[in-house]
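Open the structure in your viewer and get ready to click along. At each stop you will read what to select and what to look for there.

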Amino acid sequence: MLVVVLALLAALSNAAASVLQRRAAADEPEGGAGVRQAVRWLGKVLRRPYWVAGAGMLALSTVLQAAALGVGSLALVQPLMAAELLFTLVVGSVVFHRRPDPRTWLAFAALAAGLAVFLISVAPAAGRSTASAGRWLVTAGAVLGAVVALVVTARAVRGAPRAGLLGLASAVSFSLTAALLKEVTGRIPDGAGAVLGTWPVYATAVAGAVAFLLLQSAFRAGTLAASQPALTLGDALTSVALGWALFGEQITLGVRVVPAVLGVALMGAGTVGLARAPSVSGSWDAASRSPGTDSPRSVP
């Protein structure tokens, strides 16, 4: 029961962090395209109370998830974390004073259920605590290529597609950050020199910073209904792949291939439903502004 409570609280904190930081992004006018404008926009957003509160919730979610993993297995915690999708709608409805349309609720429920069923079915067995340099070189190159491709593609589109692509790029980066953190913790028994004197700890900081910047770009680009599913699903599924590629975490489906396929089907149905939902391209989580001004006004 304790691990269930901790994992659900972590999912709730993660959802609150996304909603609050999206609110801060929605309150700030975009100010045009280009790197300079994006940096200026980010500097303003970081000073907003909503963003600071979201950063605090993100830190809390990290602590809660670590505590959940300390008393329970990854196979139990990860499926429970899929509840973040539904919590995002609940918290967002409170923060933005608007309710998402029914199609969005159904799509998010299908995505959360599908992800949970899939992760339970393919829950990998424990592997090595560290990975070889060769494995890291190949895997990191593939991940970097995927992130660059997603970012380049996102630059060519606008609105919900851009938010989804940037959310997915952020998810892949967060998964790489988690894998690097696992490498760092795996070297702790060898002493401080094996941690501070080698590359993984510094690569973790760089990957985390890139993931953070991509996440803020996703919040700037479009609605939570567009970015949050890509973020949650992408993080979970990429983590499974990295666990297999780097640390030899084996997946043995057997008779569980049926629920795994069912989980994929539910995620597919949720994705199709979400693409057609008005909330994706609508103003559910956008701050209302007075006509002719850049000042946000209260959302009715």
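Accessible areas come from the Shrake-Rupley method, which uses a 1.4 Å probe. By that method the protein exposes about 14100 Å², and carbon and sulfur atoms supply 70% of this area. Please keep in mind that you are looking at a predicted model.

**Stop 1: the whole protein**

Switch to a cartoon view. You will find 13 helices and 0 strands. Follow the chain along the sequence, and the pattern is α-α-α-α-α-α-α-α-α-α-α-α-α.

Now colour by burial. Of the 300 residues in the protein, 45% are buried. If you turn on contacts with a separation of 6 or more, 80% of them join residues 24 or more positions apart.

**Stop 2: the largest pocket**

Rolling a probe the size of a water molecule over the atoms shows where empty space is left. The largest pocket holds about 1600 Å³ of space. To find its centre, select Gln-65, Phe-174, Ala-178, Asp-235 and Ser-239, which lie nearest to that centre among the 50 residues of the lining. Next, colour the elements that give two or more residues to the lining: α1 (2-27), α3 (49-71), α4 (74-81), α6 (102-122), α8 (160-187), α10 (200-221) and α11 (224-247).

Which helix gives the most to the lining of the largest pocket? Select α11, which supplies 10 residues. Colouring the lining by residue type gives 28 nonpolar, 18 polar and 4 charged residues.

**Stop 3: two residues in helix α1**

Select Gln-21, which is found in helix α1. Is Gln-21 buried or exposed? Its relative accessibility is 2%, and because buried means under 20%, Gln-21 counts as buried. Show what surrounds this residue: leaving aside neighbours within four places in sequence, Gln-21 is in contact with Tyr-50, Trp-51, Gly-54, Ala-55, Leu-215, Gln-216 and Phe-219. Try the distance tool on the C-alpha atoms of Gln-21 and Tyr-50. These two residues are 29 residues apart along the chain, yet their C-alpha atoms are separated by 6.2 Å.

Now select Arg-22, also found in helix α1. Arg-22 has a relative accessible area of 7%, so this residue is buried. Where does its side chain reach? Follow the side chain of Arg-22 to the backbone oxygen of Gly-222, at 3.0 Å.

**Stop 4: two residues in helix α8**

Move on to Ser-170, which has its place in helix α8. With a relative accessible area of 0%, Ser-170 is buried. Show its contacts beyond four places in sequence, and Ala-211, Leu-214, Leu-215 and Leu-231 appear. Zoom in on Ala-211, whose backbone oxygen is reached by the side chain of Ser-170 at 3.1 Å.

Finish with Arg-162, which lies in helix α8. Its relative accessible area is 23%, so Arg-162 is partly exposed. Not counting residues up to four places away in sequence, Arg-162 touches Ala-154, Arg-155, Val-157 and Ala-221. For a last distance, pick the C-alpha atoms of Arg-162 and Leu-150: the two residues are 12 residues apart in sequence and 9.3 Å apart in space.

Conventions
Residues are numbered from 1 along each chain as its sequence is written. Side-chain values use heavy atoms; hydrogens and water are left out. On a 1 Å grid over the protein atoms alone, a cavity is a set of points where a 1.4 Å probe fits but cannot get out, and a pocket is an open set with protein on both sides within 12 Å along at least five of seven lines; lining residues have an atom within 4 Å of a point. Grid points are joined across faces, edges and corners, and a volume is the space filled by probe spheres set on the points. Helices (H or I, at least four residues) and strands (E, at least two) are DSSP runs, numbered from the N terminus. Ala, Val, Leu, Ile, Met, Phe, Trp, Tyr, Cys and Pro count as nonpolar, Asp, Glu, Lys and Arg as charged, and the others, Gly among them, as polar. Buried means under 20% relative accessible area, exposed over 50%, partly exposed in between (1.4 Å probe, protein chains only). Contact means heavy atoms within 4.5 Å. A polar contact is a pair of N or O atoms within 3.5 Å; within protein, one must be able to donate a hydrogen and the other to accept it, and residues adjacent in sequence count only if both atoms are side-chain atoms.
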